[in-house]
Amino acid sequence: MNYYFTNAMRLEGDLMSRGKEVKELREKMGMNRREFSDYYGIPYRTVQDWEAEKRELPEYLLRLMKYRAEVEYMIKGNES
């Protein structure tokens, strides 16, 4: 995996929901839901609800989650 996000910011009106984007982000990071929720300090049930689209994820929070993962990936790449 050379870069976490090919589409860091999706255009408004894109077909992919935020819940699917969370799942995609989690899978690209190679984490299960428990690891993902612990990594971000978000309750496990909330992550489940986002992915099942039972709860709406604020757009700003999704951007921040992607940004944090991207920055940490770049830092780890520079340390190698």
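Biologist: Which residue just after H3 takes a positive phi?
Modeller: Helices here are DSSP runs of H or I, at least four residues, and strands are runs of E, at least two, numbered from the N terminus. Look in the loop between H3 and helix H4 (59-79). The residue there is not a glycine, yet its phi is positive, about 60 degrees. Just after H3, that residue is Glu-53.

Biologist: What kind of model is this?
Modeller: Residues are numbered from 1 along each chain as its sequence is written, and side-chain values use heavy atoms, with hydrogens and water left out. Local features need pLDDT of at least 70, side-chain atom pairs count only at pLDDT 80 or more, and totals for chains, interfaces and linings use all residues, because this is a predicted model.

Biologist: What relative accessibility does Glu-53 have?
Modeller: Buried means under 20% relative accessible area, exposed over 50%, and partly exposed in between, with a 1.4 Å probe and protein chains only. Glu-53 counts as partly exposed because its relative accessibility is 46%.

Biologist: How many helices are in the protein chain?
Modeller: Read along the sequence, the pattern is α-α-α-α. The chain has zero strands. Its number of helices is four.

Biologist: At what angle do the axes of H1 and H2 cross?
Modeller: Axes are lines fitted to C-alpha atoms, for helices over the stretch in contact, and angles run from 0 to 180 degrees between N-to-C directions. The axes of H1 (residues 18-28) and H2 come within 10 Å. The crossing angle is roughly 95 degrees.

Biologist: Which residues of H2 make the contact with H1?
Modeller: Contact means heavy atoms within 4.5 Å. On the H1 side are Val-22, Leu-25 and Arg-26. On the H2 side are Arg-33, Phe-36 and Tyr-40.

Biologist: At what angle do the axes of H2 and H3 cross?
Modeller: H2 covers residues 33-40 and H3 covers residues 44-51. Their axes come within 9 Å. They cross at roughly 115 degrees.

Biologist: Which residues of H3 do Arg-33, Arg-34, Phe-36 and Ser-37 meet?
Modeller: Those four residues sit in H2. Their partners in H3 are Tyr-44, Val-47, Gln-48 and Glu-51.

Biologist: Which residues of H3 are buried?
Modeller: Across the protein chain, buried residues make up 31% of the 80 residues. In H3, the buried residues are Thr-46, Val-47, Asp-49, Trp-50 and Glu-51.
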